Amino acid sequence: MNNLNGVALWFAKDDKGSTATINKLNEEYKGKYICPLCGSEVIAKAINSDCISAHFAHIDKSKCCGETIVHWWVKNELVKNGDEFTIHTDKVNKFICKSIEIEKVYVTKNGYYKPDITIESECGKIIFVEINVSNKKNINQYWDIWKELNNTVVEFNVRDVTEEGNVVKIYNNFKAIY
């Protein structure tokens, strides 16, 4: 997973909206798979190949949006309701996720802010998660907004995603940047 260029689509949505990973396909499923990025139909390819990794492929890839596959995956799979996670500040803080919002927009006197993920913990704490694919957040650019919103901000580097035996692992152990 460390080489993010040309990453194959290893997941899709089924007709019920559930995420299906290429290594855990239900062979009895006869419905269509949809790209969660653009909503167009994809098909499973190279399922039994010894030469090419199994993946989903767009029937018409011209319809897919510019958001990276890894960015979308992390944004939607990083933390789920009920998950426990830690944030490192001057001490280690443990939280349990109560709810998640993707790309919620906040209007402040210093401008608009749209974190990749907004997490509300069971104790009522709001945490903003920024996903770093290739560029880190410029703290100086967001400082006044973060100060006004007065919530913890963490940045998750997608290079913290690893693949072990075709299972994607995401470690939700964060360091606060604000």
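Two strands are taken to pair if DSSP finds at least two bridges between them. With that in hand, the sheet described below can be followed strand by strand. The structure is a predicted model, and the protein in it has two helices and 15 strands. Of its 178 residues, 35% are buried. The exposed surface of the protein comes to about 10,800 Å², with 45% of that area supplied by carbon and sulfur atoms. Contacts that reach along the chain can be described too: among those between residues at least 6 apart in sequence, 47% join residues at least 24 apart.

A good place to begin the tour is an open sheet built from six strands, which follow one another in the order 12-11-10-7-6-15 with mixed pairing. Strand 12 (152-157) and strand 15 (173-175) each have a single partner strand and stand at the edges, so one side of each is left without a neighbour in the sheet. From one strand to the next, the twist averages 40°.

The mixed character of the pairing can be seen by walking inward from strand 12. Strand 12 and strand 11 (residues 126-132) run parallel and are joined by six bridges. In this pairing, N132 has N157 of strand 12 as its bridge partner. On moving to strand 10, the sense is antiparallel: strand 10 and strand 11 pair over four bridges. Here E120 is found opposite I126 of strand 11. These two strands, 10 and 11, form a hairpin with four residues between them. Within the turn of that hairpin, G124 has a positive phi of about 90°.

Strand 10 also meets strand 7, and this pair runs antiparallel with five bridges between the two strands. I102 stands opposite I117, a residue of strand 10. How much of strand 10 is buried? Four of its five residues are, which leaves the strand mostly covered.

A helix also belongs to this part of the picture. Helix 1, made of residues 69-77, lies across four strands of the sheet: strand 7 (92-102), strand 10 (117-121), strand 11 and strand 12. Relative to strand 11, helix 1 runs at about 160°. Strand 12, one of the strands that helix 1 lies across, is also one of the strands at the edges of the sheet.

Notes:
Residues are numbered from 1 along each chain as its sequence is written. This is a predicted model: local features need pLDDT of at least 70, side-chain atom pairs count only at pLDDT 80 or more; totals for chains, interfaces and linings use all residues. Side-chain values use heavy atoms; hydrogens and water are left out. Axes are lines fitted to C-alpha atoms, for helices over the stretch in contact, and angles run from 0 to 180 degrees between N-to-C directions. Contact means heavy atoms within 4.5 Å. Buried means under 20% relative accessible area, exposed over 50%, partly exposed in between (1.4 Å probe, protein chains only). Accessible areas come from the Shrake-Rupley method with a 1.4 Å probe; for residues, only the protein chains shown count as cover.
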